[in-house]
Amino acid sequence: MTTDTTEAALEAFRAEARAWLEANFPASLRDKPGLAMAIMEGPEPEGDVALWKQRMADKGWGAATWPTQYGGGGLNGLQARVLQQEMGRINAFNPMLAGMGISMVGPTILEYGTEAQKDKHIPAIVRGEVRWCLGYSEPNAGSDLAALQTKAEDAGNHWRINGSKIWTSGAHHSDWCGLLVRTDPAARKHDGITFLLVDMHQPGIDPRPIKLIAGASVFCEVFFTDAVAEKDAVLGEVNDGWTVGKRLLQHERASQTGGGRVAAEPPPLQNIAKKYAGVDEAGRLADVDLRSRVASHLIDARAHGLTLARVAAESRGASGASNAASILKNSATQVAQVRAELLIEIAGNRGVGWEGEGFTEAEVENVRSWLSGKAMSIYGGSFEVQNNIISKRILGLPDMTKSS
Amino acid sequence: MALLTEEQVMVRDAARAWTQEQSPVTAFRKMRDSGQPLGYEPAAYAEMCEMGWAGVVIPEAYGGSDLGYLTLGLILEEAGRTLAASPLLSSALACASAIVRGGTEAQKQAHLPAIASGELVAALAVDEGPRHAPERIALKAAKSGDGYVLNGDKTFVLEAMAAGLLVVAARTSGNVGDAKGVTLFLVAADAAGVDRRPLQLADSRGAADIGFKDVKVGAEAVLGAEGEGAALLEATLDRARAGLCAEMLGMSLAAFELTLDYLRTRVQFGQVIGGFQALQHRAAKMYGDLELARSCAEAALSACDRDADDVAELVSVAKVKVGETLFNISNELIQMHGGIGMTDAHDAGLYLKRARSVEAAFGNRAYHRDRFARLNGF
């Protein structure tokens, strides 16, 4: 695999990627943008999806930039971007994105793991053979994550784990869990935490799906009763799990800023609005109040997109990534949530269809997305936590939450 | 900050050094208190021209440096920070770009070197009512012999009292609202029948209403093609708006920094007020708005440099986002400073007054939201 970054080499890679994708992405999966989402949340795939997964596993392109020694694609950042563009061109999706392995756990193990941990876990993540969940939040430790109480005790030849986690995404489908536990109850709250790699297939772990307002159950409450983890299952150092766990969340935020993957172009909001609300004789949206707000939203979306592009350009420049990256999560969330609200409002009474006859598939989907999208400003560091971080780290204002 | 060339970094650093040292807010205050009728100090503008600032979008053949709109934007951003007053935007950006884009060789020779050197100030006369409406040009230019006779009124013409040359949007045919029939004219500000009446504005800057009564101009006064001036006017306005966005961004940054300093130092209830989360989250919002605003302003200026197809859309996006940011920050500047921000001795009021003036100039947020919607087919 070449890692030459010259323009010519990059174009050669583009041709190579395009040819491989044309030959290997099953024709039956094209123009089905909903599939990528189904993969992320559903059970193990079958048929052509399974075939596509197998081919990508052999190629290593589900983890395009990871080292080849663990089965990864070994591409540089520019090549990975080209690959993404080429996949986007034919609506191909990454079939390995189920669970948190590719997006968060894998990069963190690559950074903090021992050689033995990398050999054990990375190839399985690259090939999509295991699904990972993350045991972070607890009933009494949400935005104040460092208050977590689930404990792991040194039981001689293993760790013994007791407690419970909540909002554990996909726990009921997962094989492994990246778990934050308290190993030193006497230490300051950030200092007594350890990051464990825990096998979910054991009697001491009981994941229970939580039904949410959008109707689906992607999150679980997970109970740990004398569950066990190997002594060498610690990622990083014992009692230094806060550092590891925070680093992992940076991977999470990076994947939530709208820059991570090339999404299929959504239908222009103004066209949907014109269909429902009608136009005047000049072709303008007839509802002038809605027109103004749709324009504001589209301008905000454009501003966010321009900022993503600026941050990407700056990170390639001499002075490195700018502070602007810190605003992207809140900005992306606001744009997405406003769009979801507008879609509901535009459809009027049809904007609250739940299921069954009488509503289009898109109408029902918009309702579900609007509801599930409320989580965007809660997970991954809530809207308010993001503002605390900006206030403290960038603006240098005093930290009143005593977090770190 | 966009990725800048070495030359652009040098220009920006020089602009920052000069504005901070030679033209801080105290200089603006002194100009205001002196009752200077032009709304800027000619000596200060002469220094700016000496540094080449008035020639940044003018080709080298006509005495400029042709460094482009993003570069001039960097200068305007620094000027915005300290409220450094000058006719840069009206003369060296708006009118210069109109002549560069639409002028004949003779017109370019006659005016561009003089604008670049600062010897000539030019002003753009577009609006005829209180709200920006370049689509509704009514001032009449009637054909008369080889030339034209202009009759009508222009209002809120920035830097009109300092101007030696006016770029006037007039109607040579058709009706108000028609795109066709608009023609731009180059008119000497002291031509017979031109009556300039200065306006006293809250921001202490220069502007005037102008009456045109039987003003005679020759055929050589037409800038661009007769009846086809709407596109040239729009392109000119978009460049002026993009430049204004840079100035507004600079004002926003300075107003935010003033506010942040106050949050860090003002003690109430036994702690600095910047420790209160109610204020922290508003500060975080201002910071986020500033980053988004910068992306938009830089994208609009860069699009002008590339003469891109989506200049109009990017400019409207920028005027809305930068406008929103400046509006909010200029209000928070006063509110977070409390009583001291209400005093004339504090700089907060100077920023607030200028903020509303530039909001209205070349189309406010409502105008540009509407324009954005039109450009996107709704």
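How many disulfides are there over all chains? The count comes to zero, and since this is a predicted model, that number, like the others on this tour, is a computed one. The stops below begin with the whole of chain A, move to a pair of its cysteines, and end at a leucine in chain B.

**First stop: chain A as a whole**

Select chain A and colour it by secondary structure, which brings out 12 helices and eight strands. The radius of gyration of chain A is 23 Å, close to the 22 Å that the globule rule gives for 404 residues, so chain A is as compact as a globular protein of that length. If you turn the chain along its principal axes, the C-alpha atoms fill a box of roughly 80 × 50 × 50 Å.

Now switch to a surface display of chain A, whose accessible surface comes to about 19000 Å², with 53% of that area belonging to carbon and sulfur atoms. Beneath the surface, 46% of the 404 residues of chain A count as buried. Among the contacts in chain A with a separation of 6 or more, 68% are between residues 24 or more positions apart.

For the charges, select the side chains of chain A that are counted as positive, 42 in number, and then the 48 negative ones; the centres of these two sets lie 4 Å apart.

**Second stop: A:Cys133 and A:Cys177**

Show these two cysteines as sticks, with the zero count of disulfides in mind. A:Cys133 is in no disulfide, and the cysteine sulfur nearest to its own, that of A:Cys177, is 3.8 Å away. Why is there no bond from A:Cys177 to A:Cys133? The separation of 3.8 Å between the two sulfurs is too far for a bond, because a disulfide is counted only when the sulfur atoms are within 2.5 Å. A:Cys133 counts as buried, at 0% relative accessibility, and A:Cys177 is buried as well, with a relative accessible area of 1%.

**Third stop: B:Leu166**

Move to chain B and select residues 165–171, which form strand E4 and include B:Leu166. Is B:Leu166 buried or exposed? With a relative accessibility of 0%, B:Leu166 counts as buried.

Next, add B:Leu186 to the selection: 20 residues separate B:Leu166 from B:Leu186 in sequence, while their C-alpha atoms are 5.8 Å apart in space. Leaving out residues up to four places away in sequence, B:Leu166 touches B:Leu186 together with its sequence neighbours B:Phe185 and B:Val187, and also B:Ala123, B:Ala189, B:Val194, B:Ile210 and B:Phe212.

Note on methods: Residues numbered from 1 in each chain as written. Chains lettered and ligands numbered in written order. Predicted model: local features only at pLDDT ≥ 70, side-chain atom pairs only at ≥ 80, totals over all residues. Heavy atoms only, no water. Helix = DSSP H or I, 4+ residues; strand = E, 2+ residues; numbered from the N terminus. Rg over C-alpha atoms; globule rule 2.2 N^0.38 Å. Buried < 20%, exposed > 50% of the residue type's maximum accessible area, 1.4 Å probe, protein only. Contact = heavy atoms within 4.5 Å. Areas by Shrake-Rupley, 256 points an atom, 1.4 Å probe, with all protein chains shown as cover. Lys, Arg positive; Asp, Glu negative; His and termini not counted. Charge placed at Lys NZ, Arg CZ, Asp CG, Glu CD.
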